[in-house]
Amino acid sequence: MSSVAVVELVAWVLSALIAAWLLVDMVRVARTHDEATLVNAPDPLDGPPPAGPAGDATSARSA
Amino acid sequence: MSATEDAPAGVGTATSTQERPALRQVLAPMHIWALGVGIVLVGEYMGWNFAVEKGGMYGALVACWVVGLLYTCIVMINSEVTSAIPAAGGQYAQAKHTVGPLMAFNVGLYLTLAYTMLEAANANVLSYLLTTLSGLMGSDQELSPYPFAVLAILALAFLNYRGVFASLTLNFVITGFAFATILVLFVGLRAWSPSAELDLAGLTGDAANALPYGWIGVIAAFQFGMWFYLGIEGTAQAAEECRSAPRSVPLGSLAGIMTLIIAASLTWYVCAGTLPWHYLGTAITPLFDAARLSGSDVLVVLLLLGTLCATLASANGCINDASRAWFSMGRDRYLPEWFGAVHPRYHTPFRAIIFLVPVAIAFALLPVVLDDPTLLSVVITFSILSGLLMYSFMGPSFIRFRRLWPEGSIPRAYTLPLHPAPAIALTALSAVVFFATFLGYGAALISILSFYLLASIWFVARRYKYVRRGAQFTADLPRPQGY
């Protein structure tokens with residue numbers, strides 16, 4: 001096997017290892033945590049949004 | 001391990017905001033500088049020189065400075081708005097607050113595609129550079145581009161997945177090195193000395209070299225003048241992860257644009273003084289070629305390493321920015337909320353990072369798989385046009401921002417001087433660059449506009465019903481009158 005082939009093989013193996021680790025970790029997190037605790041979304045039920053002089057929580061324009 | 005990582009499964013859905021993992025606020029001005037300059041600096045090493053083919057030596061210089069003015073306006077506008085609305089997604093969050101959901105969706109899409117395409121192009125170029133390196137090291141066998149493009153994207157995605165601090169600290173080191181190599185080349189060629197290797201007067205001094213196609217050539221050169229700065233606006237994406245966004249974003253961004261204007265001017269000067277314009281206009285790696293002409297092995301090695309570092313830094317920054325834009329849209333339900341998740345241990349938008357990996361790999365390998373190198377320029381054009389569409393929105397958006405929150409109504413860490421002149425200048429210059437791009441890539445421009453039109457129709461018809469309309473105002477600002 002030539003040195004070029006060895007270098008290319010090492011690159012493929014490293015790529016496969018990284019891809020596998022990323023996927024395994026993503027699945028692990030999904031299985032061990034409730035989805036509601038992961039999603040970092042603003043929830044209108046959490047509390048009142050910042051209110052200005054003329055605003056309220058539901059009057060935001062939805063253009 | 002953070003406390004949130006140990007939270008048991010099956011917790012009720014009424015989880016408070018405090019218990020949710022958030023992006024970690026760890027970044028300093030140097031990271032913002034590294035993010036902005038890191039994405040862009042590869043454009044100094046390659047790509048900008050196509051402006052010389054369009055407009056000649058002076059045409060490229062005019063493009064360098066006029067487009068530099070356009071990006072200075074962008075950076076100043078970003079600095080003010082982002083210091084007031086420091087949210088991941090940057091311009092997407094700005095559009096959400098100043099215009100509305102449809103504009104925000106489009107801006108989020110521009111950002112994601114611009115950075116993902118740029119990342120794909122960087123990975124493709126990286127594999128080309130490694131092949132060149134193996135040739136210089138005496139290998140007579142050609143390296144396959146597939147494994148190295150894939151490895152580069154995956155390794156950088158892994159780094160971004162594990163934490164923003166490490167990935168942008170790495171960017172600071174390799175971007176600093178790449179910038180230093182440009183300075184070293186300038187010093188190594190003794191560019192200030194008339195008796196040294198540069199032949200600026202000889203190579204650019206007559207009309208045939210300086211402005212071969214007149215002023216229309218200068219206008220046509222503008223689209224490639226963007227290469228000097230394309231991506232500096234990405235500093236806004238990291239605002240939510242700064243220790244102090246009102247301090248870090250303006251400092252890092254303004255230092256970044258100053259760095260880039262210096263780097264761009266030096267690059268033009270060195271290349272215009274060493275390479276004939278016909279060659280420079282079509283060269284793949286002009287700075288590296290200038291180093292080879294010097295005859296110094298040290299400069300050759302340094303510039304090759306600088307090119308590699310600049311390419312890696314650009315791909316790394318692109319992963320960071322594209323994932324933040326995608327994550328932000330998921331968080332606001334412009335996309336499935338699944339993408340709005342934050343990793344409980346690493347505090348990164350991990351699903352957005354992983355989702356964009358196969359997209360980037362596909363676009364990086366497309367020119368190789370189809371054996372059509374011109375597809376690389378199509379990928380890059382897609383990225384540039386997406387960026388350009390975003391710039392054209394920023395001027396009007398900023399004028400509206402100032403109307404909604406006039407000076408004195410909210411605290412500003414940075415206030416744009418001479419308002420509305422920079423916003424008007426940005427809009428006018430964007431229109432000129434659009435025209436220049438139409439001259440060279442008219443079909444691509446129409447195709448991409450059609451793509452975004454279809455995406456907008458999909459958003460309005462199929463996705464808008466999922467957006468929580470009452471929860472879109474997330475900035476820590478008073479709601480303006482009538483909002």
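Let me start with B:Leu418, which sits in the loop between α16 and α17 of chain B, and which, although not a glycine, has a positive phi of about 60°. Please keep in mind throughout that this is a predicted model, so every angle I quote is a computed one. B:Leu418 is exposed, with 10 other C-beta atoms within 10 Å, and that count falls under the cut-off of 12 or fewer that I use for the word.

The loop holds a further backbone feature, since a cis peptide bond joins B:His419 and B:Pro420, with omega about 10°, and B:Pro420 is likewise found in the loop between α16 and α17 of chain B.

Now to the two helices on either side of that loop. Helix α16 of chain B covers residues 374-404 and helix α17 of chain B covers residues 421-463, and their axes come within 8 Å and cross at roughly 140°. These two helices, α16(B) and α17(B), are therefore oblique to each other, because the angle does not exceed the 145 degrees over which a pair would count as roughly antiparallel. The crossing of α16(B) and α17(B) is left-handed, and the contact between them, sorted by class, has 20 nonpolar and 6 polar residues, with no charged residues.

Let me turn to a second helix pair. What angle do α11(B) and α13(B) make where they pack? The angle is about 50°, with the axes 10 Å apart, and α11(B) and α13(B) are therefore oblique to each other. Here too I can give a handedness, as α11(B) passes α13(B) in a left-handed crossing. On the α11(B) side the contact is made by B:Thr267, B:Val270, B:Cys271 and B:Thr274, and on the α13(B) side by B:Pro286, B:Leu287, B:Ala290 and B:Leu293. As a general reminder when reading such lists, an α-helix has 3.6 residues a turn, so residues three or four places apart point the same way. By class, the contact of α11(B) with α13(B) has 6 nonpolar and 2 polar residues, and again no charged residues.

Staying with α13 of chain B, residues 286-294, the buried residues there are B:Pro286, B:Leu287, B:Phe288, B:Ala290 and B:Ala291. Which elements cover them? The cover includes α2, α7, α11, α12 and α14 of chain B. After α13(B) comes B:Gly295, whose phi is positive, near 80°.

A positive phi also turns up at B:Arg190, a residue other than glycine, where the value is near 50°. B:Arg190 lies in the loop between α7 and α8 of chain B, and B:Arg190 is partly exposed, with 13 other C-beta atoms within 10 Å.

Finally, the chains as wholes. Chain B has 17 helices and 0 strands, and its radius of gyration is 22 Å, close to the 23 Å that the globule rule gives for 483 residues, so chain B is as compact as a globular protein of that length. Along the principal axes, the C-alpha atoms of chain B fill a box of roughly 70 × 50 × 40 Å. Buried residues make up 57% of the 483 residues in chain B, and, among contacts in chain B with a separation of 6 or more, 83% are between residues 24 or more positions apart. Chain A, for its part, has 2 helices and 0 strands, and 14% of its 63 residues count as buried.

Notes:
Residues are numbered from 1 along each chain as its sequence is written. Chains are lettered from A and ligands numbered from 1 in the order in which they are written. This is a predicted model: local features need pLDDT of at least 70, side-chain atom pairs count only at pLDDT 80 or more; totals for chains, interfaces and linings use all residues. Axes are lines fitted to C-alpha atoms, for helices over the stretch in contact, and angles run from 0 to 180 degrees between N-to-C directions. Helices (H or I, at least four residues) and strands (E, at least two) are DSSP runs, numbered from the N terminus. Angles under 35 degrees count as roughly parallel, over 145 as roughly antiparallel, 65 to 115 as roughly perpendicular and the rest as oblique. A crossing is left-handed if the near helix is turned anticlockwise from the far one by less than a right angle, and right-handed if clockwise. Ala, Val, Leu, Ile, Met, Phe, Trp, Tyr, Cys and Pro count as nonpolar, Asp, Glu, Lys and Arg as charged, and the others, Gly among them, as polar. The radius of gyration is taken over C-alpha atoms; the globule rule is 2.2 Å times the number of residues to the power 0.38. A residue is buried if 20 or more other C-beta atoms lie within 10 Å of its own, exposed if 12 or fewer, and partly exposed in between; C-beta atoms are placed from the backbone. Two residues are in contact if their C-beta atoms, placed from the backbone, lie within 7 Å.
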